[in-house]
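Have the model open and ready to turn as you read. We'll go from the overall fold to a few charged pairs, and then spend some time on one helix.

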Amino acid sequence: MKKSFILTMSLMFVLGAFLGAAAQDKGAAQAPQQPAETQQKTPEQLAAEKQAQEMDLINRIQQAQANPEEQAKLEEEYVTKFADSQNLAFVEYMATMTYQRLNNFDKIEQHGQAALKLIPNNPVIPSILAYAYAENNKVDQAEEMANKALSEFDALQRPPDAPQ
């Protein structure tokens, strides 16, 4: 009798532990989910994440300067992902110079014109475009860009505290 009592009690203990664990698992499975509003990120968090991704990509572009093919790929990615960024002019300018290194006229023209729209008074961009147009026998456009570059250089003013 004593053996059967111990055996019964042991079985009840095991069965109770098993049923308790099953009920706990079932309760956890049926636990209410957090509302979708609390799972979503705030606009500030999303903006911070986007800015971090943008800065990471700009850093990768700068680190890829020894590999113009990789740099061009990253610049194209940036232009696609961050077309509304205040840094777009900088990346378009860099892409113009990268494609000049790669001797890719179509991309020089594409990024150079985009950069020129964003930075209209920069004398370097029309200089690069003038050279690219001249190399591709587009004389009228080369002359126009060369004249624009010269007028932008002439318009530059020496800062008052700059040495002579």
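A quick definition before we start: a residue is buried when its relative accessible area is under 20%, exposed when that value is over 50%, and partly exposed in between. Keep in mind, too, that what you're looking at is a predicted model.

**The big picture**

Let's start with the whole chain. There are eight helices and zero strands, so the pattern along the sequence is simply α-α-α-α-α-α-α-α. Of the 164 residues in the chain, 27% are buried. The accessible surface adds up to about 11800 Å², and carbon and sulfur atoms own 56% of that. What about contacts between parts of the chain that sit apart in sequence? Among contacts with a separation of 6 or more, 46% involve residues 24 or more positions apart.

**Charged pairs**

Side chains of opposite charge can pair when their charged atoms come close. How many salt bridges does the structure hold? The count is seven, and here are some of them.

| Salt bridge | N to O distance |
|---|---|
| Lys50 and Asp84 | 3.6 Å |
| Lys73 and Glu70 | 3.5 Å |
| Lys107 and Glu76 | 3.3 Å |

Take Lys50 and Asp84, which form a salt bridge. This pair links distant parts of the chain, 34 residues apart: Lys50 is in helix α3 (residues 43–63), while Asp84 is in the loop between α4 (68–81) and α5 (88–101). Is Lys50 buried or exposed? Neither, really: its relative accessible area is 35%, so Lys50 counts as partly exposed. Asp84 has 60% relative accessibility, so it counts as exposed.

The salt bridge between Lys73 and Glu70 is a more local affair. Both residues lie in helix α4, three residues apart, or about one turn of the helix. Glu70 is partly exposed, at 28% relative accessibility.

Then there's Lys107, whose side chain meets that of Glu76 in a salt bridge. Lys107 lies in helix α6 (residues 105–118) and Glu76 in helix α4, so this pair ties together parts that are 31 residues apart in sequence. With a relative accessible area of 24%, Lys107 is partly exposed.

**A walk around helix α8**

Now find helix α8, residues 139–155. Its 17 residues, at 1.5 Å a residue, should span 24 Å, and the end C-alpha atoms are indeed 24 Å apart, so the two agree.

Which residues of α8 are buried? They are Ala142, Met145, Ala149 and Glu152. These four cover an arc of only 95 degrees around the axis, which means they're on the same side of α8. What do the buried residues of α8 pack against? Their partners are α6 and α7 (124–135).

Turn the helix around and you'll meet another set. On the face away from the buried side, α8 carries the exposed residues Val139, Asp140, Glu144, Leu150 and Asp154.

One more stop: Phe153, also found in helix α8. Phe153 has 40% relative accessibility, so it counts as partly exposed. Together with Val124 and Leu156, Phe153 forms a nonpolar patch on the surface, and the three share about 250 Å² of accessible area.

Terms used. Residues are numbered from 1 along each chain as its sequence is written. This is a predicted model: local features need pLDDT of at least 70, side-chain atom pairs count only at pLDDT 80 or more; totals for chains, interfaces and linings use all residues. Side-chain values use heavy atoms; hydrogens and water are left out. A salt bridge is a side-chain nitrogen of Lys or Arg within 4 Å of a carboxyl oxygen of Asp or Glu. Helices (H or I, at least four residues) and strands (E, at least two) are DSSP runs, numbered from the N terminus. Buried means under 20% relative accessible area, exposed over 50%, partly exposed in between (1.4 Å probe, protein chains only). Contact means heavy atoms within 4.5 Å. Accessible areas come from the Shrake-Rupley method with a 1.4 Å probe; for residues, only the protein chains shown count as cover. The expected span of a helix is 1.5 Å times one less than its number of residues. The arc is that of the directions from the helix axis to the C-beta atoms. Patches are made of residues with over 30% relative accessible area and no salt bridge: like charges are joined within 9 Å, nonpolar side chains (Val, Leu, Ile, Met, Phe, Trp, Tyr) within 5 Å.
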